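Subject: A structure to look at

Hi there,

Here is the structure I promised to pass on to you. Please have a look at it first, and then read my notes below.

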Amino acid sequence: QVQLVESGGGLVQNGGSLRLSCGASGGTLPSSAVGWFRSAPGKEREFVGAVDWTGGITYAADSVKGRFTISRDNAKKTVFLQMNSLKPEDTAAYFCAAPAMGRNTAYSGSRYPYDYDYWGQGTQVTVSP
């Protein structure tokens, strides 16, 4: 069973930056795509972005495009979500997720939560006005 772990959340002022990390307990991040999602109270889980298994292809939601960047360091077995120009509406719990190998989205990733099988516990990001 893959256990994903997010870190790097916290409280930041409007316009600030944070970098979230996603790794795996035991140190072995799956050789698959990794997606980032966020959940805010009263809202559905929202796709933030994803990176393919090589790290060469990334895509992001329109709401964060130009502000958030996803990357991965396969040598360090970590995926990063760099968040710049943060806004109060970015306040949410952020989750990383990975699909099971064998899915047709395992290597490319997806915008849809139902395409992911392994999830972290989330890390809270709070942006003050």
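A good place to start is Leu-81, which touches Leu-18, Arg-19, Leu-20, Trp-36, Val-48, Phe-68, Thr-69, Ile-70 and Tyr-94, leaving out residues up to four places away in sequence. Touching, or contact, means heavy atoms within 4.5 Å.

Before going further, a word on the source: this is a predicted model, where local features need pLDDT of at least 70 and side-chain atom pairs count only at pLDDT 80 or more, while totals for chains, interfaces and linings use all residues. Residues are numbered from 1 along each chain as its sequence is written, and side-chain values use heavy atoms, with hydrogens and water left out.

**The core around Leu-81**

Leu-81 also appears in the largest nonpolar core, a group of 34 residues in which Trp-36, Leu-81, Met-83 and Tyr-94 touch the most other members. Such a core is a set of buried Ala, Val, Leu, Ile, Met, Phe, Trp, Tyr and Cys residues joined through side-chain atoms within 4.5 Å. Buried here means under 20% relative accessible area, exposed means over 50%, and partly exposed is in between (1.4 Å probe, protein chains only). Several strands give two or more residues to this core, including S3 (18-24), S4 (34-39) and S8 (78-83). The most comes from S9, with 5 residues. In soluble globular proteins, nonpolar side chains tend to be buried together.

**The chain as a whole**

How many helices and strands does the chain have? There are 0 helices and 11 strands, where helices (H or I, at least four residues) and strands (E, at least two) are DSSP runs numbered from the N terminus. The radius of gyration is 14 Å, close to the 14 Å of the globule rule for 129 residues, so the chain is as compact as a globular protein of that length. That radius is taken over C-alpha atoms, and the rule is 2.2 Å times the number of residues to the power 0.38. Along its principal axes, the C-alpha trace spans about 45 × 25 × 25 Å. Of the 129 residues, 47% count as buried. Among contacts with a separation of 6 or more, 59% are between residues 24 or more positions apart.

**Four residues to click on**

- Ala-97 lies in strand S9 and is buried, with a relative accessible area of 0%. Beyond its neighbours within four places in sequence, Ala-97 is in contact with residues including Leu-4, Phe-37 and Trp-119.
- Arg-19 lies in strand S3 and is partly exposed, at a relative accessible area of 48%. The C-alpha atoms of Arg-19 and Met-83 are separated by 5.9 Å, with their positions 64 residues apart along the chain.
- Asn-84 sits in the loop between S8 and S9, partly exposed with a relative accessible area of 29%. Its C-alpha atom is 6.2 Å from that of Gly-16, although the two are 68 residues apart along the chain. Gly-16 is also one of the contacts of Asn-84, together with Ser-17, Arg-67 and Phe-68.
- Ser-85 is in the loop between S8 and S9 and has a positive phi of about 50° although it is not a glycine. Most residues other than glycine have a negative phi. Ser-85 is partly exposed, with a relative accessible area of 41%.

Enjoy exploring!

Best wishes
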